[in-house]
Amino acid sequence: MNLTANKITNKQLVFMIIQAQIGVGILSLPHDVALIAKQDAWISTIIAGVFSQAIIFVIWGLCRRFPDLSLYQILPKLLGRVFGKILILSYSLYFMVTGSLVLARYSDIIDKWILPLTPNWITMLLMLLTCIYIVSEGLTSIARFYVLVSPILIVLVALISYAMKDANLLYLFPIGEHSIPTILKGSKEAAFSMLGFELFLFIHPYVQSSGKEKLVAITTANMFVTIFYTFMVIASLIFFEPNVDIALTPEPLLYMIKAYSFQVLERTDLFFLSLWLVIVATSIANWLLLSSMGLASLVRKKHYARFLPIVAGIYLVLALIPDQGKDFERFNQVLGPSHYIFIVIIPVLLFILSFILTKKEVVKKV
Amino acid sequence: MNIIFRGIKRHIKKDFKQVPSNQKSKPFVGVFTSIDENISFIKNIFSCSDDLIIKELNVRNKRGILVFLNTMTDSDKIQNNILSPVLEANGDQLDSVLKSKFLKSDNLIKAKEELLNGSCIILFDRDQEFYRLEVAISKARAVIEPNNEQVIKGSHEGFIENLLINLHLIRKSIRTPDLIMEHLSVGEHIQSKLTMVYMKDLANKEIIKEFKRRIDYISMDHIPSIGSLQELIEDSTWSPFPQILSTERVDRVIGHLNEGRVAIFMEGSPSCLLIPVTFFAFFHSPDDYNSRWMIGTFIRSMRLMSIAIAVNLPAIYIAVIGFHFEVLPDDLVLPVVSSIRNIPFPPLIEALVMELTIELIREAGVRLPARIGQTIGIVGGLVIGDAVVRAGLVSNTMIVVVAITAVAAYSIPSTEMSDAVRFLRFPLMILASTFGFVGIVFGFMFTLAHLCRLESFGTPYFAPWAPFRLKDLKDTFIRLPLWKFNTRPLDSNPKMLRKQSLSRGWKTNESNRE
Amino acid sequence: MKGIKSILLVLCFLLTGCWDQHLMKNAVLVQILSFDLTPKEELLLGVSIPIIEESSGGPQAMVKSETFSASGHTPRDSRLKIDHEIAGILDTSKNKLILFGERMAGTGIYPSLDVIWRDPRNSLGATLGVVEGEAVDLLGIKPKHETNVSEYIQDALTSAEENSVIPSQTIQTLASEMIDPGEDTVLPFLKMNKKKSAVVVGLALMNDKKYSGNLPPQESTLLLLLENKKGKNARFTKKVNKDDQHVVNEYISFNVQDMKRKLKVQVKDREVFVSINLDLKISVEEYPKGDVPKDIERLNKLLSKELTEDAKQVITKIQQANCDAFGIGRRLIAFHPKTWEVQDKKDYFKNIKFNTTVKAEIIKHGIVR
């Protein structure tokens, strides 16, 4: 597979980032945020969007200095081979852990909602095989797939909007009752669901557009995701009583549409859940892609596809470890700081470092 | 597992990788000076086959021979076109007759090929050249409408087994010097004639090059049919979807040529291959363009809906009955329950039995002569359908589902695509019976991912949906009015994107005048 | 492609098991659930299941219903007992109705609903209702024209919904209202009459998940109008004339065509004042005395006065029942959180001062004068 065949367009980049950001969290995000920020959860979500936009600027700035190198190539260049490789490995591991957490949460929800008796490893395996298949052919076909399945997001919005007919706007009031630290704490929860834009660090060399266009693309994606999430949060806030009820329902969006029936279809939640599977598949596919890309660049192999089965195996093992809600929390506690390290701190440090060392890729004029 | 397979693949590649056979440099055997030597050479090549006729021919004391295969030539034509002019020519006229009527050549290998194509050869003593003239029997059937691709309105011409006539049909419709026909031949031992037809100013060079490259790799003794050729050159054989469109309709080929695609004909085959194509080309019928655009759009969207039904409906039914019957609306629950209550089999078995029965009925009907075919239809459709329900083996609702699926699958205009779609529903049914809706979604994702990966001669197969191109949607799901088609679709990478400017410009001009 | 190979491989082991399959043909669909309290303070669960009788030749099978009941400590416990009794697996996923006996409703309905929310397969589209006396008795009725009890009760509820006697709601929409400290629910109130058929007799008022009173149909309709939850029709019959020789001539029947409601919550010195202004545009459906246009001024005035009084009575009743059907508490939380803080969370509704006015205006009187 040569590099030119593996390019994606700027528009495809938008959808890739959107699909990377929107993932398993969409179902539980309103619950998680509302648990802390109550009726002000939507403010937290917007703040989280703004916060991730700030990180996006840094990431973009870093990429702009190395327009032809992905982070896996930047690391050894800036930090030296040994330290760089250690970081590559840890990035790769980080993506594995995050990805397998997503996988575990996916199978947990499937287990709770549709297939309580099917062994979890089977549903996980099914998901992993699908993701391997999506990812293995290269970026172009991944991007095509992501664009193709994006209309699903609109269907989800439409389904949720339908449920709005029974909403009670009063639940949103009083606005801003909670203190700013509480709201910020809520946005921390929301921010975890917004992760995924770091994909840009790794695929930006393959995008056929100028640096500015890339920034526009990734900002568009982030804005869309923020609006999408905010809509979902507001929808569940005005549907559920924000103090007790929403705390009782871990997947408020599913609950919301569970009762609605159309002429030919009842139990809309099953339909919603089926569509949601596609969204989850795209985000797991992303983690798979990133971690196997990391391993590939560690051993300097051109193509990552042969690492996919190995990585998928690791995912499966990791995802089978936590088996209860409590384990997720512990998992999340461990993972929380690592999110900051890998998504915020390291890119920022690298960005600063690239100025200090005045290392910059020599841009070849083509 | 992937690794293993990759390994095998590489292994296979290593084993069979070979230099492209160089057809261009043909062996050369010059014409011998002695006529007897020539005779024995030719006899030797054809191993004294009984249909090889060599006749002595003395014209003005010059000894000559007339060679032809009487199984390939028309004796009337030999009499009228060769013998009478040559024998009647007196004096110096002979040379001019020979020059004007015959083609000259000096390679005996070429002579062999020409004999096999139905030519007649004249050799004269002490001449280093021979003369040849095509006098082949033309036993072509009439140009009639192909049975499997009928239309209501529009041209009723279809290709036949004769390459020349097929090319004639194309050339007749596209009278421009830009139409290029390139002859190729494939097959190591028995060569088959191929002709590649394209528009010089539209067709993408890369595709033509890629096609020739793939043809060069073919090292089979004999290409039995155009179907085998298709399998040898298509991108991915591990796919149920056809990646090359084969059609027997002249107007369809012309339409595709004008969009910059390349058509491939093969001697002896009434179908024509079109490359590159997209998924949606298989759902088009010339009828769409001959009827009004709104109706065309409606019919076309119905067809696309029919794939969705044909692939998913049995699977969804199984999932609903076996897993999530709560999705059924209240008023439907009791009727469904009452029909399936006493069925002894799980839904998957029930569905498989019925689906396979339908496939068998189809298969039985295809091969049988039309009169018996009807009987099969009645026995298969009516008797089995009715009896199976009465016997309580299969539920009423299942029969409804299976029937709708069958109708939907057969409404797809291309038989290959229809086969693919009918095949696809079996894995989906199995997935549905194991995981319910979840299984269907995974099957669906697999199919979509597969469609996104497929390419047909370098162009994405699922265009214009993946990669998405809004402009090209005008002629896929829907058919907008023709005057909207200002650009050609991008998927065939045409050199010239622009197709027309304002074709209905008269309308705006008119209003300006007033 | 190797992908297809892997599909095949997956298929091989997919065929090994269908863990979650629950075949529709084995399921015994429950159409109504009823909860009662036995004298021994145990929970009596009643289920109504459809019995499909093979029709002789006709396309549609006859559906009858049968009732089973068992008592236990929790709904699941009782259900298990019923499960032993019948052939097949009880399945509540297509349940359409949940009925509570009066006594059961009095002790609170929330705990018995828990199982419905907890199990993902349960239908949240079911309607709730309170039955006078024992709910399980209602399942045993044998209506003449409709052999399926659940269908019958549902149809009765639907027509009541259309006539604005009961609000249109499901367990799903009720969940938030029930949990919300600042809002209470009203449920359909059913009764079995002497002819052994079910009648919707108005609304059951709930005081924070507990049954605390009921309203007759006319008042129910008025309450729904005050709540701004009008269904398709809202019909009233009022006495407007006196001493006519025919009793029929004394009455007028009308339907509410269009309405506007204004609800204002004001807080003065920790006291809550609520003013509700209801503006009804009505169309006369029956006025045997004739000539509406002549009387229109008088009728408008009279009806406004009567309805205002009725509305006041309704509000007194719901205040007695302590059923905050308007969600005043929620408005306090939303707009006057400080006042809410100091309110008595349980009995705040009783202390609210209401000021209700209803204005009726005849805009249509059919195709005769």
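# Briefing on chains A, B and C

Chain A is built with 16 helices and zero strands. Its radius of gyration is 20 Å, close to the 21 Å that the globule rule gives for 366 residues, so chain A is as compact as a globular protein of that length. The model is a predicted one, and the points below take up chain A, its contacts with chains B and C, and the domains of chain B.

**Chain A as a whole**

- Taken along the principal axes, the box that the C-alpha atoms of chain A fill is roughly 60 × 45 × 35 Å.
- Chain A has 366 residues, and 55% of them count as buried.
- When contacts in chain A between residues at least 6 apart in sequence are considered, 84% of these contacts join residues at least 24 apart.

**Where chain B touches chain A**

- On this interface, 30 residues of chain A are in contact with 26 residues of chain B.
- Two helices of chain B, helix H1 (2-16) and helix H17 (437-453), each supply at least two residues of the side that touches chain A, and the largest share of that side, 10 residues, comes from H17(B).
- By class, the side of chain B that touches chain A consists of 20 nonpolar, three polar and three charged residues.

**Where chain A touches chain C**

- The contact between these two chains takes 22 residues from chain A and 20 residues from chain C.
- On the chain A side, helix H5 (81-113) and helix H6 (120-135) each supply at least two of the residues that touch chain C.
- The residues on this side of chain A divide into 13 nonpolar, two polar and seven charged.

**Domains of chain B**

- The domain assignment divides chain B into domain 1 (35-134), domain 2 (141-277 + 491-514) and domain 3 (302-460), with domain 2 given as two segments.
- Taken over C-alpha atoms, the centres of domain 2 and domain 3 of chain B are separated by 34 Å, and the contact between these domains takes 19 residues from domain 2 and 14 residues from domain 3.
- Helix H7 (residues 205-217) of chain B gives the largest share of the side of domain 2 that touches domain 3, namely four residues.
- That side of domain 2 of chain B, sorted by residue class, holds nine nonpolar, six polar and four charged residues.

Definitions and conventions:
Residues are numbered from 1 along each chain as its sequence is written. Chains are lettered from A and ligands numbered from 1 in the order in which they are written. This is a predicted model: local features need pLDDT of at least 70, side-chain atom pairs count only at pLDDT 80 or more; totals for chains, interfaces and linings use all residues. Two residues are in contact if their C-beta atoms, placed from the backbone, lie within 7 Å. Ala, Val, Leu, Ile, Met, Phe, Trp, Tyr, Cys and Pro count as nonpolar, Asp, Glu, Lys and Arg as charged, and the others, Gly among them, as polar. The radius of gyration is taken over C-alpha atoms; the globule rule is 2.2 Å times the number of residues to the power 0.38. A residue is buried if 20 or more other C-beta atoms lie within 10 Å of its own, exposed if 12 or fewer, and partly exposed in between; C-beta atoms are placed from the backbone. Domain bounds come from an automatic or database domain assignment.
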